[in-house]
Amino acid sequence: MPIVIDKVDTWIVDIPTIRPHVLSMTSISRQVMMLVFVHCSDGVTGLGEGTTIGGLSYGDESPEGMKLAIDRYCAPLLIGADASSPAAAMARVRAHVVGNHFAKNALETALLDAAARRAGLPLSALLGGRMRDRLPVLWTLASGDTARDIAEAETMIAAGRHDTFKLKIGKRAMARDIAHVAAIKQALGDRASVRVDVNQAWDEQTALRGAAMLADAGVDLIEQPLPHADRAGMARLTSRSRVPIMADEALRGPGDALDFARFRGADAFSIKPPQAGGLFAAGRIAAIATAGHIGVYGGTMLEGGIGTIAAAHLFSTFDRLEWGTELFGPLLQTEDILAEPLDYRDFSLILPDGPGLGVTLDLEKASHFRRDGPGRTAV
Ligand code: MUC
Ligand code: MG
């Protein structure tokens, strides 16, 4: 008897962050995660996550919108479908649902988690096999306050947790932002790599001046300085900047990656499965990066444990990961909804060995933080 998909459930879970996280376009003090459960007829359940930054502030999907897209449009396409082929199940979804990359990534993750659990293999084995068992993980300094950021970085270095830091800039005037970055780099010196993420806040002229000043300050990488649609600007900036330029928000799938590779629109790609439209699509972006001699970096949408470990399984299979990863999302949250938190040590995230994602959801805890859970009202 074929194993089929019986039921798809979605939850919205709200978890506060350990401090405000300030980006150019928004500031967050909680993370909203959409969890998806794909229940199969053999009793196996797969898990996926869809998380954004500041609701609709960062991109064009929200956790609440993902829940609606899955409940109303995707789940009916999946009920009764063969659970043993996540690729065929997702092709069915893609044939009827345009866009909605984050929702599709969450569903694909759950389908792959179930398939890998059933096979008794870690998800990474289903994705081709691991090239590494641990991933370097940076930390983002984004409190908005220079002294607090320096103190936070010192604590992280001393604890052996992170020695690479990404600074969120673009909210304030460029000169003020760069003074903040330079002060942090000067305090940390050669003990840390310092990078910046402008989250699309600059125009080309500002970016040209900013890149020169950031080079003088000793910054190693500049992420998405220009609006995502300004590809020509990114290409010109990449050819002129002394600091490597990375594309993030501009990469909404393999097609974007191909354009960027053709016109050398970036020196590095931040690869994010939800932005790409799924784990397989993200893997294709990595393949294009490799073919185009573009550096590879494992990005995050500040997901909790499920989305983070799903991305980690994929990134572990990449043959190159020059720029490391930023898979620190669960560490930004005050509570962990996994039964066993992810294993962060020696500046790295250690991949679990168990089947599927290799993590277990603490159902009681997740229910407690569930927005529409028992005894709760919608926020
Ligand atoms: C982004 O734009 O990279 C990733 C790390 C972080 O602090 O914010 C995110 C989003
Ligand atoms: Mg970014």
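How far apart do the C-alpha centres of domain 1 and domain 2 lie? They lie 23 Å apart. What you are looking at is a predicted model, in which local features need pLDDT of at least 70 and side-chain atom pairs count only at pLDDT 80 or more, while totals for chains, interfaces and linings use all residues. Residues are numbered from 1 along each chain as its sequence is written, and chains are lettered from A and ligands numbered from 1 in the order in which they are written.

Let's start with the split. Domain 1 takes in 5-121 + 362-369, and domain 2 covers 126-350; these bounds come from an automatic or database domain assignment. Across the divide, 38 residues of domain 1 are in contact with 32 residues of domain 2 (in contact means that their C-beta atoms, placed from the backbone, lie within 7 Å). On the side of domain 1 that touches domain 2, helix 3 gives the most, with 10 residues (helices are DSSP runs of H or I with at least four residues, strands are E runs with at least two, and both are numbered from the N terminus). By class, that side has 21 nonpolar, 11 polar and six charged residues (Ala, Val, Leu, Ile, Met, Phe, Trp, Tyr, Cys and Pro count as nonpolar, Asp, Glu, Lys and Arg as charged, and the others, Gly among them, as polar).

Helix 3 (residues 101-119) also has helix 2 (residues 86-96) for company: their axes come within 9 Å and cross at roughly 160°. Axes here are lines fitted to C-alpha atoms over the stretch in contact, with angles running from 0 to 180 degrees between N-to-C directions. The two helices are therefore roughly antiparallel to each other (the label for angles over 145 degrees, whereas those under 35 count as roughly parallel, 65 to 115 as roughly perpendicular and the rest as oblique). Pro-86, Ala-89, Met-90 and Val-93 of helix 2 make the contact with helix 3 residues including Leu-107, Leu-111 and Leu-112. Sorted by class, this contact has eight nonpolar, no polar and two charged residues.

Now for another pair. Helix 7 (residues 204-217) and helix 8 (residues 231-240) have axes that come within 10 Å and cross at roughly 20°, so this pair is roughly parallel. Their contact has four nonpolar, one polar and three charged residues.

Finally, have a look at ligand 1. Around it are Ile-53, Thr-140, Ala-142, Asp-197, Asn-199, Asp-248, Gly-299, Thr-300, Leu-302 and Glu-326 (each with its C-beta atom, placed from the backbone, within 6 Å of the ligand). This shell has three nonpolar, four polar and three charged residues.

How values were computed: Contact = placed C-beta atoms within 7 Å.
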